[in-house]
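Visitor: Please give me a close look at a single part of this structure, the surroundings of one strand of your choice. I would then like to see how that part is connected to the rest of the chain.

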Amino acid sequence: MLFPSKAEMRAYEVDGYFVRKGFLSPEEVTDFRESSRRQLEEESKGGNVMKKGDKSGNATLLKLWNHAGDDKYGLLARDERMVRISEALIGEEIYLYSHKMTMKQPREGGAWEWHQDYGYWYNNGCLSPEMLSIYVSLDPANRENGCLQVLKGSHILGRLNHVREDGQTNVEAPYLEAAVERFEHVYVEMEPGDALVFHCNLLHRSDANNSDTYRWGYICSYNAVHNAPFMQARDYGHFQKLETVPAGSFMNAKVAAE
Ligand SMILES: O=C(O)CCC(=O)C(=O)O
């Protein structure tokens with residue numbers, strides 16, 4: 001199904017998110033996971049992958065791309081299934097704001113504290129929250145290995161103030177405490193190939209990976225074209241025309257551009 005169903009549209013509006021089970025087929029997710037794991041673990045040895053520490057000193061690996069080309073990453077970011085869902089939910093012409101891999105290695109991947117993605121993106125010059133992300137689970141994601149957690153419905157709060165702590169941009173403590181009281185705290189457990197679609201003002205976090213399993217997720221974020229950053233605060237997120245490709249195009253592509 002290319003477009004969100006009525007129930008998904010409603011969940012996005014009311015809860016700020018929904019999970020599309022089996023967004024990628026088993027063959028697709030195996031292909032994407034195995035090739036990206038090989039390639040990014042190799043890149044990581046060469047120091048080309050960011051290491052983001054948490055307050056306990058555990059590191060999560062992060063790779064962010066600022067362009068979507070014809071390799072597997074770029075083609076999945078431009079896959080019509082990703083684009084049609086995002087376009088329908090944002091309700092405007094969209095472009096790809098960023099795409100990244102967040103990689104929690106076994107017994108190592110660190111925590112992310114409560115934040116809204118728009119807490120980061122507002123500072124990058126995006127005036128309005130017409131932005132969302134799709135997190136595609138490449139591994140089983142569960143409580144033990146640090147799956148995403150959300151405060152269901154918290155996107156209605158609008159942008160909360162964020163502070164910079166331990167290299168992360170986190171929501172201010174008193175407002176967070178009040179929000180935690182008010183909204184249901186959900187652990188979003190997923191199977192490989194499932195996708196979490198979530199509003200940029202949805203409060204979310206994740207724990208460190210205390211298990212022996214990998215917890216990798218590929219996250220594509222989309223923005224309304226008219227909401228492109230008004231200033232050059234970062235080297236990603238600027239408007240580039242989104243050339244949509246047919247579903248599954250990444251299956252025949254090289255994992256990364258040469
Ligand atoms: O990978 C994770 O657990 C969280 C990632 C995240 O919250 C983000 O990239 O904004």
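Guide: Two residues are said to be in contact here if their C-beta atoms, placed from the backbone, lie within 7 Å. The model is a predicted one, and the strand I have chosen is β4, which covers residues 94-104.

Leu 96 is a residue of β4, and it offers a convenient point of entry. Setting aside residues up to four places away in sequence, Leu 96 touches Ala 68, Ala 77, Arg 78, Cys 220, Tyr 222 and Leu 242. Is Leu 96 buried or exposed? Leu 96 counts as buried because 27 other C-beta atoms lie within 10 Å of its own, where the cut-off for a buried residue is 20 or more. Arg 205, by contrast, is 109 residues away from Leu 96 in sequence, and the two C-alpha atoms are 23 Å apart in space.

A helix also packs against this strand. The buried residues of α2 are Glu 28, Val 29, Phe 32, Arg 33, Ser 36 and Leu 40, and they pack against β4 as well as against β3 (59-65), α3 (72-77) and β13. Helix α2 runs over residues 26-45, and at 1.5 Å a residue its 20 residues should span 28 Å; its end C-alpha atoms are 28 Å apart, so the expected and the modelled spans agree. Just after α2, Gly 47 takes a positive phi of about 80°.

The loop that leads from β4 to β5 (112-115) contains Arg 107. Most residues other than glycine have a negative phi, yet the phi of Arg 107 is positive, near 55°. Arg 107 has 13 C-beta neighbours inside 10 Å and therefore counts as partly exposed. Asp 166, in the loop between β8 (162-165) and β9 (168-171), likewise has a positive phi, of about 50°, without being a glycine. With 14 C-beta neighbours inside 10 Å, Asp 166 also counts as partly exposed.

From here the description can turn to the ligand. Which residues surround the ligand? They are Thr 102, Trp 112, Asp 117, Leu 148, His 204, Ser 206, Gly 217 and Ile 219. Sorted by class, this shell has 3 nonpolar, 4 polar and 1 charged residues. Strands β12 (204-206) and β13 (215-224) each supply at least two residues of the shell, and β13 is also one of the elements against which the buried residues of α2 pack.

Strand β12 is in turn paired with β7, which comprises residues 148-152; the two strands run antiparallel and are joined by 3 bridges. Within this pairing, Gln 149 has Arg 205 of β12 as its bridge partner. Strand β7 also pairs with β10 (residues 184-187), again in the antiparallel sense, over 4 bridges, and there Lys 152 stands opposite Glu 184.

Two further residues show how separated parts of the sequence meet. Tyr 12 lies in helix α1, residues 6-15, and is buried because 21 other C-beta atoms lie within 10 Å. Apart from its neighbours within four places in sequence, Tyr 12 is in contact with Tyr 17, Phe 18, Leu 89, Val 197 and His 199. Gly 153 is 141 residues from Tyr 12 in sequence, while the C-alpha atoms of the two are 8.8 Å apart in space. Ala 233, placed in the segment after β13, counts as partly exposed, with 13 C-beta neighbours inside 10 Å. Its contacts beyond four places in sequence are with Asn 123, Asn 124 and Gly 125, whereas Glu 130, which is 103 residues away in sequence, is 18 Å from Ala 233, C-alpha to C-alpha.

As for the whole chain, it has 6 helices and 13 strands, and buried residues make up 45% of its 258 residues. Among the contacts with a separation of 6 or more, 87% are between residues 24 or more positions apart. The C-alpha trace spans about 50 × 40 × 35 Å along its principal axes. A compact globule of 258 residues would have a radius of gyration near 18 Å, and the 17 Å of this chain agrees with that value.

Notes. Residues numbered from 1 in each chain as written. Predicted model: local features only at pLDDT ≥ 70, side-chain atom pairs only at ≥ 80, totals over all residues. Near = placed C-beta within 6 Å. Nonpolar A, V, L, I, M, F, W, Y, C, P; charged D, E, K, R; others polar. Pairing = 2+ DSSP bridges. Buried ≥ 20, exposed ≤ 12 C-beta atoms within 10 Å, placed from the backbone. Rg over C-alpha atoms; globule rule 2.2 N^0.38 Å. Expected span 1.5 Å × (residues − 1).
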